[in-house]
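Colleague: I should like to request a close look at a single helix in this model. Please set out its surroundings step by step, in terms that a first-year student can follow.

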Amino acid sequence: MEKSRLLYPDVLRIAAIIGVVLIHVTAPTIGILHVIGEVRFWWTANFINSAVRWSVPIFVMISGMMLLHPDRTETAKPFYRKRLGRVLPLFLIWSFIYYLWGIRDELNLFEWESFLRGLIGNRIHYHLWFVYMLIVLYLMTPLLRVVVKHASETMVMYACAACFAAPNIASIAGMAGWELGIQVPYITGYIGYFLLGYYLSVASVAARRRRLLYVGGCGAYLIIVLGNYWMTSKFSHVENYFSNYTSFPVLITAAALFVWCKQIRFHFISAGSARLLYFISSSVFSLYLSHLIFFEFLYQIRPWDIVHGNPWLYVGVVTIIVLLLSFLLYLVWRGGGYALWKVMQFSSRMPKVKELLAHIKEIYDYREMFRNMVLKDLRARYKGSVLGFFWTFLNPLLMLGIYSFIFSSIMKSDIPNFPMFILVALLPWNYFSQAITQGARSIINNAELLKKVYFPREILPLAVIGSNLINYLFTLAILIPALWLSGVQLTTALIAFPIVLLIQSLLIAPIVMLASLGTAYLRDLEHILQVGIMIFFYLTPVLFPVSFIPEPFRWIFDYNPMTPIIDAYRDLFLYGQWPDFGGLLPMLLVLVVLNTAMAAVFSLLQRNVVEEV
């Protein structure tokens, strides 16, 4: 980020998106003055809402400042390709999302004709009007560039005044019940903001005029506050002029804020903070498009009382939550796009089928090294301890004793044979979690070996999986006698145990392979995985059956790939029945394909791993 970059547009963008969310959070309260239990709550919402009416105008002014600047020399064709190429795809995607959101309870009513009519007629969602307005401004930008290039600052100011006068006269006439002979399109006022943003960015405003503008901005804010009350209490059926984005009071507050931020310039912000500001500012358009989905979703699952509740209690909380969720979605969206771009780059360098088969054969040729690495990992597991390898058996015995004592004496459970219910699931979970956390360090722990001799790098994470698999099999020597002593009958269904174990191992393998490479390039991934595994533990039915989960949250467990595996182990060992192969076999096929793809990805990414460790 260059130090010469203007910072105040980024500050204004971030402030504007916060303002837009505040408008949407408080707007439902403004129109229901007559049913508010506490009028002071209405006034609170009115003060907040009126204070941020400049948000949308500021967005348009910043666009005008950037796009109409004389340094912009691109012609119409590359301008349209660049600007509309960014806006239109996002607009179509979010229009489709909002259309599905609108018919979410009756998805069988989806019709392409209805969607297209709504798209053309701006009937998908009220929130998308801004994008229609923005597209029109982009279409007019090349013409407006010619106008401002050949016009003086005074002429640009006159053009702004004319653009604002037209919609304001139309609105005031409509309030008075008069009908104008010529209909004024609403876009006129936004063209005025577009030109005003350019004018204020290049014009030098004298100190005396700035002070007058600041005083006028404060006075305009009070006019909006009192005007909202007057319009709502006297003319609730008429469109509120004072809250209109193109009204004179909103115009004055937006201009005052723009000039004030321009005057500050924010040069005191450090270079690192400036980069962060730019990054957040670049997300604003995505936040604008997505935030109402989260707003409506939150209100649907837990409505806050906008009629009798205190806005100070919910406005700030809801605004922060909505902004954080929207920004998180932006990060996921941007990260997914970057990953897709990288995958497309990698695809051209992916090993061919013959190369992949030859590499798999090479791994097999190093099977003796794999065996030695597995034995080394097993020996190192309890190296230096007195009991050594016996801890493999003592750990499940101690867990069994603790669970038996707690759930039979202290926390009695209604689930029959609850200690065994937990132990049957906990042992394969330990195999899963330990293989991933230990496998993530498999490459960096063997950095010296990697630098001395050549061997297939896959050997290292696969050896960790192999040692944890053997350790899990040894724990069965405690599990099976414990089941027999608990009165659990073991049946011929245990024949299916190798199939379930194979599916679990195929699930672990690509995670460990990717984690081992990722940790070599980004050491923080090791700690992220530990936190992720802890969260994942409580999203897996180890300590409880899925039937205990409330219905609205059960889908999380349904999409958890460890859920059918844990259920399968319980079916085999605890209930003496065959697992649900209807779900396991398709999972097996998917995992085979996933492991094949991961073998190709690992073969490509491991080429530079020696330099990273």
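Colleague: Which exposed residues are carried by the face of H5 turned away from its buried side?

Modeller: They are Glu113, Arg117 and Ile120. The model is predicted, so local features need pLDDT of at least 70 and side-chain atom pairs pLDDT 80 or more, while totals for chains, interfaces and linings use all residues. Residues are numbered from 1 along each chain as its sequence is written, and side-chain values use heavy atoms, without hydrogens and water.

Helix H5 spans residues 112-120 (helices are DSSP runs of H or I with at least four residues, numbered from the N terminus). Phe115, Gly118 and Leu119 of H5 are buried (buried means under 20% relative accessible area, exposed over 50%, with a 1.4 Å probe and protein chains only). Viewed down the axis of H5, these buried residues fall within an arc of 100°, so they line one face of the helix (the arc is that of the directions from the helix axis to the C-beta atoms). The cover over the buried residues of H5 includes H4 and H6 (judged by contact, heavy atoms within 4.5 Å). After H5 comes Asn122, which has a positive phi, near 55°.

The two covering helices lead on to the largest pocket, whose volume is about 1,300 Å³ (a pocket is an open set of points on a 1 Å grid where a 1.4 Å probe fits, with protein on both sides within 12 Å along at least five of seven lines; lining residues have an atom within 4 Å of a point; the volume is the space filled by probe spheres set on the points). Of its 33 lining residues, Arg13, Arg83, Arg86, Ser281 and Ser282 are the closest to the centre. Helix H4 (76-102) and helix H6 (129-150) are among the elements that give two or more residues to this lining, as are helix H1 (8-30) and helix H12 (284-301). The largest share, six residues, comes from H3. By type, the lining of the largest pocket holds 18 nonpolar, six polar and nine charged residues (Asp, Glu, Lys and Arg count as charged; Ala, Val, Leu, Ile, Met, Phe, Trp, Tyr, Cys and Pro as nonpolar; the others as polar).

H1 and H12 also appear in the lining of the second largest pocket, where each gives two or more residues. That pocket has a volume of about 760 Å³, and H1 provides the largest share of its lining, six residues. Its lining residues divide into 21 nonpolar, nine polar and two charged.
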